[in-house]
Amino acid sequence: MPSPGRPERGRLAAESKDALASLRAQRLPLGWYARETEAVARALLGCALVHGDRAGVIVETEAYLGPEDLASHARFGSTARNAVMFGAAGTTYVYLCYGVHEMFNIVARDRREAGAVLVRAVAPLVGLPDDARVGRGPGKLTRALALSRAQHGRLLDGDGLFVAAHERVRPRDVVRSPRIGVDYAGAWAARPLRFIIAGHPAVSGQR
DNA sequence: GCGGGGATTAACT
DNA sequence: GTTAATCCCCGCG
C-alpha cells in the first residue's frame, strides 16, 4: 500500500498525463505572440509553460522591446547569439547568463524588431515538487523545467514545448515594476517592463 | 586574440 | 552586504 504522503506511482502518472493533455488542447498559436511585446509579457501571466512532462504557471515576466531598448541583447543589433530575436514571433531565445544559468525567452513582437519576453518565474503545475521555490527566478525555472540552450531557436508550436492558456489573471492582480538586474541600461532601467502576479509566492525577489 | 562584463544564485561575513 | 562560480558574448584592434 502506498503511504499517504507518497501517492502510488501509476495514479500520479495518469493524472499528469491528463493534465498535460488538457494543456495541449489549450496551446497558444504562434500568431498569439505576434503583438506588442509588452502586451505579450502581460498576457503570459497565468499561462502554463510546458516542456515534456513538466509544466509551470507563469507568474513573472519581463519585456525587452528591441534594439532601442538599452537593456536588451538586441541593443547591438543582430548577432550570432541573438539572431532569433529578429526572427519569427513564438521562437524561443535561450542563452547562458553568468556562465551558470540558462535564461528562457520568447520572441514576441508585431512589426517592430526583436522584441522578446523573459520568463522569470513559474509556480509548479505538473511534474514538479509542490514548492514555490523551485521555479522562483529565471535560472531556477529553467532548471526546474529542464530548459537549456538545447531548446534555443525552437518554435512553440510542437507537443513537447509550448505555452497554454490556463488561469485568467485579473487586471488588479497584475503589478508592474522596473526590470531586475539591468542597472547598466540608463533610463531604460527605470521603465516598468516587469510584470508579476501580485503577492504570488513564486515571484522572485522574496526571502 | 584580449579584456570587460553580464536579463543570477547560493553561500558567505 | 559581499563574493565566487564560470562561460562566452561582444567590441575593438
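This is a dialogue about a predicted model of a protein with DNA strands B and C.

Biologist: Why is aspartate 157 called partly exposed?

Modeller: Its relative accessibility is 44%. Buried requires under 20% and exposed over 50%, so a value in between is called partly exposed. Aspartate 157 therefore counts as partly exposed.

Biologist: Where does aspartate 157 sit, and what does it touch?

Modeller: Aspartate 157 is in the loop between helix H3 (138-144) and strand E6 (161-164). Leaving aside residues up to four places away in sequence, it touches Arg27 and Leu30. Contact here means heavy atoms within 4.5 Å. As for leucine 45, 112 residues away along the chain, its C-alpha atom is 19 Å from that of aspartate 157.

Biologist: What makes threonine 79 a polar contact of DNA strand C?

Modeller: An N or O atom in the side chain of threonine 79 is 2.5 Å from a phosphate oxygen of DNA strand C. The cut-off for a pair of N or O atoms is 3.5 Å, so the pair counts as a polar contact. Arginine 81 is judged by its side chain too, with an N or O atom 3.3 Å from a sugar or linking oxygen of DNA strand C. For glycine 99 the partner is a base oxygen of DNA strand C, 3.5 Å from a polar backbone atom.

Biologist: Which residues are around DNA strand C, and how do they divide by class?

Modeller: They are Phe76, Thr79, Arg81, Leu96, Tyr98, Gly99, Val100 and Arg149. By class there are 4 nonpolar, 2 polar and 2 charged.

Biologist: How do you know which parts of DNA strand C lie within 4 Å of the protein?

Modeller: Of the strand C atoms within that distance, 79% belong to sugar or phosphate, and the rest to bases.

Biologist: What makes histidine 73 and tyrosine 184 polar contacts of DNA strand B?

Modeller: A phosphate oxygen of DNA strand B lies 2.8 Å from an N or O atom in the side chain of histidine 73. For tyrosine 184, a polar side-chain atom is 2.2 Å from a phosphate oxygen of DNA strand B. Both values are within 3.5 Å, so both pairs qualify. Alanine 71 qualifies through its backbone, with a polar atom 3.4 Å from a base nitrogen of DNA strand B.

Biologist: Which residues come nearest to DNA strand B?

Modeller: Out of 20 residues around DNA strand B, the nearest are His73, His101, Met103, Asn105 and Tyr184. Sugar and phosphate make up 54% of the strand B atoms that come within 4 Å of the protein. The surface near DNA strand B has 11 nonpolar, 7 polar and 2 charged residues.

Biologist: What volume has the largest pocket, and which residues are closest to its centre?

Modeller: The volume is about 520 Å³. Of 27 lining residues, Tyr95, Cys97, Tyr98, Met103 and Gly181 are closest to the centre. Strand E3 (92-97) is one of the elements that supply at least two lining residues, and E3 gives the largest share, 4 residues. The lining has 14 nonpolar, 7 polar and 6 charged residues.

Biologist: Why does the largest cavity count towards the total of cavities of 30 Å³ or more?

Modeller: Its volume is about 40 Å³. The threshold is 30 Å³, and the count comes to 1 cavity. Glu36, Thr37, Leu65, Arg109, Asp110 and Arg112 line the largest cavity, divided into 1 nonpolar, 1 polar and 4 charged.

Definitions and conventions
Residues numbered from 1 in each chain as written. Chains lettered and ligands numbered in written order. Predicted model: local features only at pLDDT ≥ 70, side-chain atom pairs only at ≥ 80, totals over all residues. Heavy atoms only, no water. Buried < 20%, exposed > 50% of the residue type's maximum accessible area, 1.4 Å probe, protein only. 1 Å grid on protein atoms, 1.4 Å probe; cavity = no way out; pocket = protein on both sides within 12 Å on 5 of 7 lines; lining within 4 Å. Points joined across faces, edges and corners; volume = space filled by probe spheres on them. Nonpolar A, V, L, I, M, F, W, Y, C, P; charged D, E, K, R; others polar. Near = heavy atom within 4 Å. Polar contact = N/O pair within 3.5 Å; in protein donor to acceptor, adjacent residues only side chain to side chain.
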